[in-house]
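Here is a friendly walk through one protein model and its bound ligand. Keep the viewer open as you read, and follow along section by section.

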Amino acid sequence: MTRILLLGGTGDALQIARALRASDLYSLAGIGKMPEGLACTVRVGGFGGAQGLQAYLADERIGLLIDATHPFAARISSNASIACRAARVPYWALRRAPWQPQAGDDWRFVDDWPQIVEALAPYRRPLFTLGREPLAHLDEIPAHQYWVVRCLEAHAGNTRASVIGARGPFTVDGERALFAMLGVDVVVSKNSGGSATAAKLEVARERGLPVVMTRRPELPAADREFDSASALLRALTEWSADS
Ligand code: NAP
């Protein structure tokens, strides 16, 4: 039976992991929650770059790699593509569609942290919803700003910043209440796509707030790409029947 290695760290990946068999492997970087109740084996931690992953594919006799990592996890996707090519293992990827601005949206597209700082300069109460990156800059907060950072793990913050530990999915009602309570005047986001964290964009639109939106990094081409977990699972069923 051909073994599958699934690279995860997202809700979509967990959905795919639930369909894997006991002989398959689900790999996590080790920064999120450990999933429970899976038939497949869960392994945690890096492989040691593309070469380490190539060796792992051979050692574990992997016959298919599925990359369902977050669209901003560009390094592991690049490593997976290189390792699969070298090991001649098919490389499938789940690439969920990026969010697109709608009528009434005021999005400012940026590529990196300096561009985020520049785009935020006119505002006073930014809400950061792009992970831990702002925590490295809490000593650089401009005098006219107070930051709220929402990321997976809570953190002490400082006198000029609060850090909220929270995991999606987030609801529109919850985001409305949060924005009103904090007096948010600009939202900072990654263009993650998907529904779990999209409510903030709806509430920003309702309130006429700008969104500083980080563009996606470039990701390697895959042998097969899917835009949803359900499409990938359908293909996996056919593939399993054939292999
Ligand atoms: P990254 O920069 O692409 O990867 C950094 C290193 O972490 C990789 O080189 C690899 O180490 C290890 N790694 C990443 N994903 C792994 C996996 N599924 N299994 C085993 N090792 C993994 O990734 P990141 O942006 O730090 O994200 C880390 C994890 O969090 C990913 O699994 C991603 O799906 C998830 N995540 C990321 C974001 C985000 O915004 N970046 C958001 C939600 C979830 P080695 O080189 O040693 O193999």
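## Helix 6 and its cover

Helix 6 spans residues 199-207, and its buried residues are Ala199, Lys200, Leu201, Val203 and Ala204. Since this is a predicted model, please read every value below as computed from predicted coordinates. What lies over those buried positions? The cover of helix 6 includes strand 6, strand 7 (126-129), strand 8 (147-151), helix 5 (172-182), strand 11 and strand 12.

Lys200 may catch your eye in that list, as it is buried along with Ala199, Leu201, Val203 and Ala204. Just after helix 6 comes Gly208, with a positive phi near 70 degrees.

## Strand 12 and its two partners

Strand 12, residues 211-214, is covered on both faces. Val211 and Met213 are buried on one side, while Val212 and Thr214 are buried on the other. This pattern fits a general rule: in a regular strand, side chains alternate between the two faces of the sheet.

Which strands pair with strand 12? Strand 6 (residues 107-110) does so in the parallel sense, over 4 bridges, and Phe109 has Met213 as its bridge partner. Strand 11 (residues 186-190) also pairs with strand 12 in the parallel sense, over 4 bridges; here Val188 is matched with Val212.

## Strands 4 and 5

A second strand with both sides buried is strand 5, residues 91-94. Tyr91 and Ala93 point one way and Trp92 and Leu94 the other, and all are buried. Strand 5 pairs with strand 4 in the parallel sense over 3 bridges, and Tyr91 is the bridge partner of Leu65.

## Around the ligand

Now turn to the ligand, which is surrounded by 21 residues. The closest are Gly8, Ser27, Phe47, Ile76 and Lys190. By class, this shell holds 8 nonpolar, 10 polar and 3 charged residues.

Where do oxygen atoms of the ligand meet polar atoms of the protein? One is 2.6 Å from an N or O atom in the side chain of Lys190. An oxygen atom of the ligand also lies 3.0 Å from a polar backbone atom of Arg75, and a polar side-chain atom of Asn79 is 3.5 Å from a ligand oxygen. On its own the ligand has 800 Å² of accessible area, and the protein covers 76% of that. Strand 2 (25-28) and helix 3 (74-87) are the elements that give two or more residues to the shell. Helix 3 gives the most, with 4 residues.

## Thr69, a buried loop residue

Thr69 sits in the loop between strand 4 (62-67) and helix 3. Is Thr69 buried or exposed? Its relative accessible area is 10%, so Thr69 counts as buried, the cut-off being under 20%.

The side chain of Thr69 makes a polar contact of 2.6 Å with the side chain of Asp67, and another of 3.3 Å with the side chain of Ser77. Setting aside neighbours within four places in sequence, Thr69 is in contact with Leu7, Gly8, Thr10, Ile76 and Ser77. Two of these names, Gly8 and Ile76, also appear among the closest residues to the ligand.

## Gln15 and a distant stretch of sequence

Which residues does Gln15 of helix 1 (residues 11-17) touch beyond its neighbours within four places in sequence? They are Ala229 and Leu233. Gln15 and Leu233 are 218 residues apart in sequence, yet their C-alpha atoms are 9.0 Å apart in space. Gln15 has a relative accessibility of 41%, so it counts as partly exposed.

## Backbone points to check

Three loop positions deserve a look. The peptide bond from Gly168 to Pro169 is cis, with omega near 0 degrees; Pro169 is in the loop between strand 10 (161-165) and helix 5.

The other two are arginines with positive phi. Arg61, in the loop between helix 2 (49-59) and strand 4, has phi near 50 degrees and is exposed, with a relative accessible area of 71%. Arg88, in the loop between helix 3 and strand 5, has a positive phi of about 55 degrees and is exposed at 77% relative accessibility.

How values were computed: Residues are numbered from 1 along each chain as its sequence is written. This is a predicted model: local features need pLDDT of at least 70, side-chain atom pairs count only at pLDDT 80 or more; totals for chains, interfaces and linings use all residues. Side-chain values use heavy atoms; hydrogens and water are left out. A residue is near a molecule or strand if one of its heavy atoms lies within 4 Å of it. A polar contact is a pair of N or O atoms within 3.5 Å; within protein, one must be able to donate a hydrogen and the other to accept it, and residues adjacent in sequence count only if both atoms are side-chain atoms. Accessible areas come from the Shrake-Rupley method with a 1.4 Å probe; for residues, only the protein chains shown count as cover. Ala, Val, Leu, Ile, Met, Phe, Trp, Tyr, Cys and Pro count as nonpolar, Asp, Glu, Lys and Arg as charged, and the others, Gly among them, as polar. Buried means under 20% relative accessible area, exposed over 50%, partly exposed in between (1.4 Å probe, protein chains only). Contact means heavy atoms within 4.5 Å. Two strands pair if DSSP finds at least two bridges between them.
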